[in-house]
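Me: I would like a close look at one part of the structure shown here, followed by a connected account of the residues around the rest of the chain. Please keep it plain.

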Amino acid sequence: MRVRAGEPKDAAGLRRLLEGLVGPLEAELVGELNAQLLRFLGGEGTTLLVLEDGDRLVGMLTLWVRRGLYDDGPVAVVDRLVLAPAYQSPEHARRLLEQALGVARTVGALDLEVLDSEGSYLPAEALEALGLEPARLWRSRML
């Protein structure tokens with residue numbers, strides 16, 4: 001198994017990964033997912049990491065970098081960590097998070113935030129193993 005940067009060719013694997021969690025996607029959602037993937041991969045300050053088992057994509061993590069008014073420097077934010085059900089283990093989550101920490105250091109981020117987003121797999125053991133501590137999160141649904 002290996003963690004690597006996501007590429008446009010991963011669109012079908014990402015779709016299968018998501019369908020394994022939520023069921024079949026309608027054609028229009030598949031098109032939207034592909035467009036979002038290309039925007040994300042081409043965006044400045046965004047990174048997609050994937051976990052492969054052989055030629056099968058079994059996990060993904062999205063990371064972006066922000067700079068806030070009160071931050072001393074850039075902050076890296078993991079907003080999704082998704083693993084196929086058969087791969088949901090602290091070890092696999094930790095592998096993706098370790099790579100995210102490496103990316104954060106590379107871009108000069110001073111902090112790493114991991115959001116507990118819907119659909120994310122974030123076992124406490126993996127977060128604690130990397131020294132990540134819980135923080136308060138305020139969220140409002142706009143829809």
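How much space lies in the largest pocket? Please also say what lines the largest pocket.

Reply: The model is a predicted one, and what follows describes that model. The largest pocket holds about 850 Å³ of space. Its lining is made up of 25 residues. Those that lie nearest the centre of the pocket are Leu18, Leu33, Met60, Arg80 and Val82.

Four elements give two or more residues each to this lining: helix α1, helix α2 (27-42), strand β3 (56-66) and strand β4 (75-83). Of the elements, α2 gives the most, with seven residues. Sorted by class, the lining has 14 nonpolar residues, seven charged residues and four polar ones.

Helix α1 runs over residues 11-22 and includes Gly20. Gly20 counts as exposed because its relative accessibility is 52%, and the cut-off for that class is over 50%. Gly20 can also be placed against another residue: its C-alpha atom is 15 Å from that of Leu51, and the two are 31 residues apart along the chain.

The same helix contains a pair of charged side chains. Arg15 forms a salt bridge with Glu19, and the closest N and O atoms are 3.7 Å apart. That distance counts because the rule asks for a side-chain nitrogen within 4 Å of a carboxyl oxygen. Arg15 and Glu19 are four residues apart in helix α1, so about one helical turn separates them. Both ends of this bridge fall in the middle class of accessibility: Arg15 is partly exposed at 25%, and Glu19 is partly exposed at 23%.

In general, side chains of opposite charge can pair when their charged atoms come close. By the rule used here, the count of salt bridges in the model comes to seven. Some of them join up, as Arg2, Arg4, Asp10 and Glu52 are linked in a network of salt bridges.

Arg4 is a good residue from which to follow that network. Arg4 is found in strand β1. At 9% relative accessibility, Arg4 counts as buried, because buried means under 20%. Setting aside neighbours within four places in sequence, Arg4 is in contact with Lys9, Asp10, Leu48, Leu49, Val50 and Glu52.

Two of those contacts are also salt-bridge partners. With Asp10, the side chain of Arg4 meets in a salt bridge of 2.6 Å, N to O. The two side chains are also joined by a polar contact of 2.6 Å. Asp10 has a relative accessibility of 5%, so Asp10 counts as buried. With Glu52, the side chain of Arg4 meets in a salt bridge of 3.0 Å, N to O. This pair links distant parts of the chain: Glu52 is in strand β2 (residues 46-53) and Arg4 is in strand β1 (residues 2-5), 48 residues apart. Glu52 is also buried, because its relative accessibility is 10%.

Next come two residues in loops, each compared in position with a residue named above for the pocket. Asp55 is placed in the loop between β2 and β3. Its relative accessibility is 76%, so Asp55 counts as exposed. From C-alpha to C-alpha, Asp55 and Arg80 are 22 Å apart in space, with their positions 25 residues apart in sequence counted as a separation. Asp71 sits in the loop between β3 and β4. With a relative accessible area of 25%, Asp71 is partly exposed. Asp71 and Val82 are eleven residues apart in sequence, and their C-alpha atoms are 28 Å apart.

The last residue here is also in a loop. Ser117 lies between β5 (111-114) and α4 (124-129). Its relative accessible area is 11%, so Ser117 is buried. A polar atom of the side chain of Ser117 lies 2.7 Å from the backbone oxygen of Asp79.

To return to the request, the part to look at is the pocket of about 850 Å³, with α2 as the element that gives the most residues to its lining.

Key: Residues are numbered from 1 along each chain as its sequence is written. This is a predicted model: local features need pLDDT of at least 70, side-chain atom pairs count only at pLDDT 80 or more; totals for chains, interfaces and linings use all residues. Side-chain values use heavy atoms; hydrogens and water are left out. Buried means under 20% relative accessible area, exposed over 50%, partly exposed in between (1.4 Å probe, protein chains only). On a 1 Å grid over the protein atoms alone, a cavity is a set of points where a 1.4 Å probe fits but cannot get out, and a pocket is an open set with protein on both sides within 12 Å along at least five of seven lines; lining residues have an atom within 4 Å of a point. Grid points are joined across faces, edges and corners, and a volume is the space filled by probe spheres set on the points. Ala, Val, Leu, Ile, Met, Phe, Trp, Tyr, Cys and Pro count as nonpolar, Asp, Glu, Lys and Arg as charged, and the others, Gly among them, as polar. A polar contact is a pair of N or O atoms within 3.5 Å; within protein, one must be able to donate a hydrogen and the other to accept it, and residues adjacent in sequence count only if both atoms are side-chain atoms. Contact means heavy atoms within 4.5 Å.
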